[in-house]
Structure formats: structure tokens, C-alpha cells
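User: I should like to learn how to read the features of a protein model in an orderly way. Please take me from the overall picture to the details.

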Amino acid sequence: MKLLFSIANIFMFLGFTVGSYGQALVYVSSTQIEPLAVGEQMHLNIQILGGKSVSGYELTVGFDPTALRYIESVNADYLQAGAFAVPPIISDNSVYVAATSSAGPAFTSEGTLATLTFEVIAAKDSTIELIDITLSDSAGMSVAVINENGKIVATELPENWDVNEDGKVNILDLTLVASNLNADVPANPRADVNKDGKVNILDLVLVAQNLDAAGGDENKPEVRVNLVEFNLAESYPAKFVRFVSANPPNGSTIAPDAIITLTFNNAPSGVTVSDTPADVTAAGKTTGVTSVLLPGKRQLTVAGSGKVRTITGDFTPGPLTLTITWADEIHVLNYTVSAPDTEPPSVISGTIADGDRNIDPEVINTEGKIEIIFSEAVTGYIALQTEGGDDVGWISKKIVGGNKGTLELVAGKEIDNETTYVIKGTVSDGAGNKLAVEITFTTAAKK
């Protein structure tokens with residue numbers, strides 16, 4: 001009782017009071033693909049989606065103690081770094097987890113609240129139940145929440161691997177599963193290897209991992225368990241719009257004029273993007289997603305429709321943080337903006353250098369080519385000419401995105417002794433900076 005009382009006081013002090021602010025979904029997921037045998041560990045993530053201004057959470061995770069044994073739980077990375085995690089309270093069939101951040105609300109609307117680890121002690125169906133979930137915003141008001149429990153299913157692997165029931169697991173079984181991927185009603189029901197109601201990559205992996213196994217191999221574990229993947233699109237087809245990806249991806253180095261493409265799972269509404277975290281004021285204090293921008297920062301122009309939005313940059317070199325908001329959602333991207341490239345490419349080496357004299361033409365003709373190496377990738381042409389500007393007739397291939405230009409000898413067009421030649425042309429780098437190439441060399445007298 002003393003422990004419970006102390007924890008209750010902590011959360012009263014940190015402001016977990018009743019109210020309402022948006023709505024979030026909390027559900028169970030796992031990154032593990034292969035079903036687990038008895039004795040193996042199952043890592044379950046407690047995910048949040050649609051969280052807005054969330055600064056803390058508490059919930060109880062219920063489980064079947066005849067199927068799973070609790071090992072540990074850790075606060076994950078949804079809350080800001082340095083969040084305080086309350087020591088878990090463990091009973092025979094549940095574990096209470098909680099954490100709060102004094103640094104302010106989470107910067108994103110989706111992520112992982114906590115990760116729990118269990119040991120599989122029996123291969124049987126069971127439920128991971130989310131109980132008494134409370135989310136708090138930065139003002140100490142509770143955030144409305146809905147939840148989806150996790151379903152663990154037992155799978156009879158040896159029977160299911162052998163999809164065509166010919167007594168062995170081989171490429172024929174793999175092909176059957178592949179041909180039924182994402183089918184609403186598979187032509188062969190056995191293609192749903194893990195019996196979760198759909199044919200997807202999980203079924204394909206199961207067959208691939210057990211190729212060449214006998215269909216009735218008694219040495220293989222007969223039953224394994226796996227968490228059934230939660231299908232957000234099926235459960236909430238229009239309720240949640242999720243950020244899917246950015247191109248260039250988060251963490252990239254980009255040019256000041258880069259175009260960033262944002263992709264969502266459904267068409268978002270009211271998308272805005274600022275180039276500083278929108279939940280930080282000039283004083284550095286948290287005020288929520290709708291707070292003012294830092295001085296000198298901007299609301300950026302967002303274009304596009306449907307599931308895709310684009311941002312065309314006029315970004316300042318250095319660290320760049322983009323805060324994307326839509327409806328009740330928020331997502332943050334971090335980039336490094338490189339300084340504008342105004343430096344033209346240069347010639348750094350090659351078969352011949354500008355001003356070379358006494359070049360043996362026999363060596364060049366025998367090699368059959370002249371190479372020029374540039375300081376960076378370029379596009380353009382170079383040509384071999386006489387001192388008077390006439391083309392010698394060597395083949396010059398267009399340089400496209402490489403740092404090497406090559407001139408190739410054509411039979412009958414060999415270079416002569418005691419002659420001055422010029423390699424001329426124009427190349428440009430990816431930023432459009434041009435270099436006028438002019439390399440003059442003179443061949444040696446005949447021996």
C-alpha cells in the first residue's frame with residue numbers, strides 16, 4: 001500500500017488530472033516476424049498513434065501467466081529524452097508501467113511508449129490486454145484514448161509449412177504462398193501459413209525458413225506462437241492519417257534548394273510545416289503544438305494533394321528541423337543543410353597534365369586512350385584538337401555523372417611527334433558550376 005500511495009502522489013504532483021485533449025490510439029505491436037517456440041523471448045511494443053502534446057503515460061498490461069512469463073519492461077523513445085520512468089509494478093498476470101517527461105511533450109504524434117519482454121512458457125492462444133490507460137498532456141489534462149489489445153496465436157508449423165501437402169517443404173510451397181500474397185480470398189487456403197486470416201510476408205518467411213524440411217518432421221517444434229499484426233487500415237480506415245516516409249529520409253544532408261517529399265498512408269488535411277519545432281517558444285518553454293515560431297523562422301509552403309506533399313526549400317545551411325502538423329498529428333524531421341556549392345570542378349590528374357612536353361606519342365598510341373580525372377562528378381564533353389583548333393578524330397564519350405573523361409584512339413588517327421595538341425571542352429558539376437577544360441601538351445621528337 002505504501003508503494004501504491006507513493007506512486008499515486010508522484011502522478012498527482014506531475015499533473016495527471018481529468019480533462020480532454022484530442023484522441024489517441026494505443027495498441028500492441030511487435031517487430032518479430034518468425035513465430036516463437038517455448039523458451040524464446042517475445043518483445044512487445046506499446047505503440048501510440050494520434051498523440052498530441054503527450055507528456056506522460058500510465059497503463060497496465062495484462063497477460064496470461066500460463067502462456068507467458070514477464071521478464072522486464074523499459075520506457076521507449078516516444079517521450080523526450082530523460083523521461084522519468086516509474087519502476088514497474090508486477091503481479092501474477094499484469095504489469096503496471098508509467099513514465100513522464102519534465103522536458104515537455106513528445107515531438108511526434110506516433111511512436112513507442114514502452115517495450116515489454118516475456119518468455120514463452122506455453123504455445124497457446126492468449127491476449128495482451130491494455131488496461132486503465134491514462135495519457136497526460138503538458139497542461140496536466142488527460143488525453144482521450146482508445147486502445148486495441150494484442151492477440152497471440154499458436155501456429156502448427158510443420159503441418160502449415162507444407163502448403164501443397166506433398167510431404168516436403170520446397171520451392172513449390174514458396175511459389176504457392178507468393179502467388180496468393182495480399183489476396184482477399186486465397187486460391188489455396190493453406191497459403192495462410194500462420195492462420196492469421198491473411199497471406200503476407202509473415203507466411204512467406206515461415207516457408208522460406210523451413211525449406212527442405214519434411215512436412216511431418218517430428219524433430220521440429222510442433223507449435224509456436226506469434227503476435228497477430230494489428231491492421232490499422234482495416235480497424236480504422238479513415239480515422240488516422242499516418243506519416244509514412246520522407247524523401248530525402250530523416251537525418252540526410254540536403255542542399256539549400258532541396259525538394260522534400262512527404263508521403264502519408266491516407267490524404268491528410270491541413271498540413272503545415274515550420275522550420276523549427278512548433279512546440280518551442282522563444283523562451284524555450286513548451287506551449288503545445290500551436291505555439292509561436294522562434295524569431296527568424298518561417299512557416300513553409302506545402303504543395304501537393306492526395307497522400308503526397310512537397311516542400312521546396314530555401315533552407316539556411318546548418319541544422320534544420322521541420323515540424324509537420326496535420327489534423328491532430330505531428331511529426332518532426334531533422335536534416336543538415338549543406339552550404340551552397342559555388343566551386344567549379346577542377347582537373348586533378350590524368351594521362352597528361354597541362355603544359356607537359358616531350359610526351360612520347362608511341363606510348364599514348366599504344367595505350368589507345370587519354371584519361372582526364374576531375375575533382376568531382378561532372379557532365380559534359382572533352383575533345384582532342386590540334387593547336388590550330390582542328391579535331392584530331394579521337395572518340396569522346398559524354399561524361400555523365402562520373403569524374404573521368406576518356407578520349408579513345410581511332411585507327412589512322414594516331415598522334416604525331418613534335419606536335420602540340422590541346423584537350424578542350426566544357427564540363428559542369430551537379431550544382432551547375434562550369435569548368436572550361438584546356439590542357440595543352442607537346443609530343444617529343446622522333447627517336
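User: To begin with the whole chain, what percentage of the 447 residues in the protein do buried residues make up?

Analyst: Please note at the outset that this is a predicted model. A residue is called buried when its relative accessible area is under 20%. In this protein, buried residues account for 45% of the 447 residues. The accessible surface amounts to about 22100 Å², and carbon and sulfur atoms hold 51% of that area.

User: How many helices and strands does the protein have?

Analyst: The protein has 6 helices and 27 strands. Sequence separation adds a further view: of the contacts between residues at least 6 apart in sequence, 70% join residues at least 24 apart.

User: In what order do the strands of the open sheet run?

Analyst: A sheet is read by following its pairings from one edge to the other. Here 4 strands give the order β12-β14-β18-β17, with antiparallel pairing. The edge strands, β12 (243–247) and β17 (302–303), each pair on one side only. Within this sheet, β14 (residues 259–264) and β18 (residues 308–312) are paired in the antiparallel sense over 5 bridges. For a residue-level landmark, T263 stands opposite V308 in β18.

User: How many salt bridges does the structure hold?

Analyst: The criterion is a side-chain nitrogen of Lys or Arg within 4 Å of a carboxyl oxygen of Asp or Glu. The structure holds 6 salt bridges. One of them joins D64 and K124, whose closest N and O atoms are 3.6 Å apart.

User: Why does the pair of D64 and K124 tie together parts of the chain?

Analyst: The answer lies in where the two residues sit. D64 is in the loop between β3 (54–62) and β4 (68–75), while K124 is in the loop between β7 (111–120) and β8 (126–137), so the pair connects parts 60 residues apart in sequence. K124 itself is partly exposed, at a relative accessible area of 33%.

User: Which residue forms a salt bridge with E119?

Analyst: The partner of E119 is R69, and their closest N and O atoms are 2.6 Å apart. This pair links distant parts of the chain, with E119 in strand β7 and R69 in strand β4, 50 residues apart. R69 is partly exposed, having a relative accessible area of 42%.

User: Is E110 buried or exposed?

Analyst: E110 is buried, with a relative accessible area of 14%, and it forms a salt bridge with R242 in which the closest N and O atoms are 2.8 Å apart. E110 lies in the loop between β6 (94–100) and β7, and R242 in the loop between α5 (232–235) and β12; the two are 132 residues apart. R242 is partly exposed, with a relative accessible area of 24%. Salt bridges may also share partners: K369, E371 and K404 are joined into one network in this way.

User: Where does a cis peptide bond occur, and which residues does it join?

Analyst: The general background is that most peptide bonds are trans, and most residues other than glycine have a negative phi. In this model a cis peptide bond joins N247 and P248, with omega at about 5 degrees. P248 is located in the loop between β12 and β13 (253–254).

User: Which residue in strand β8 has a positive phi although it is not a glycine?

Analyst: That residue is D132, with a positive phi of about 50 degrees; its place is in strand β8. D132 counts as exposed, at 62% relative accessibility. N358 also has a positive phi, of about 60 degrees, although it is not a glycine. N358 lies in strand β22 (residues 356–359) and is exposed, with a relative accessible area of 61%.

User: Finally, how much space lies in the largest pocket?

Analyst: A pocket is described by its volume and by its lining. The largest pocket holds about 630 Å³ of space. Its lining comprises 28 residues, and K198, N200, E229, F230 and N231 lie nearest its centre. The elements that contribute two or more residues to that lining are β1 (23–29), β2 (41–49), α4 (201–208), β11 (223–227) and α5. Strand β1 supplies the largest share of the lining, 3 residues.

How values were computed
Residues numbered from 1 in each chain as written. Predicted model: local features only at pLDDT ≥ 70, side-chain atom pairs only at ≥ 80, totals over all residues. Heavy atoms only, no water. Pairing = 2+ DSSP bridges. Buried < 20%, exposed > 50% of the residue type's maximum accessible area, 1.4 Å probe, protein only. Contact = heavy atoms within 4.5 Å. Areas by Shrake-Rupley, 256 points an atom, 1.4 Å probe, with all protein chains shown as cover. 1 Å grid on protein atoms, 1.4 Å probe; cavity = no way out; pocket = protein on both sides within 12 Å on 5 of 7 lines; lining within 4 Å. Points joined across faces, edges and corners; volume = space filled by probe spheres on them.
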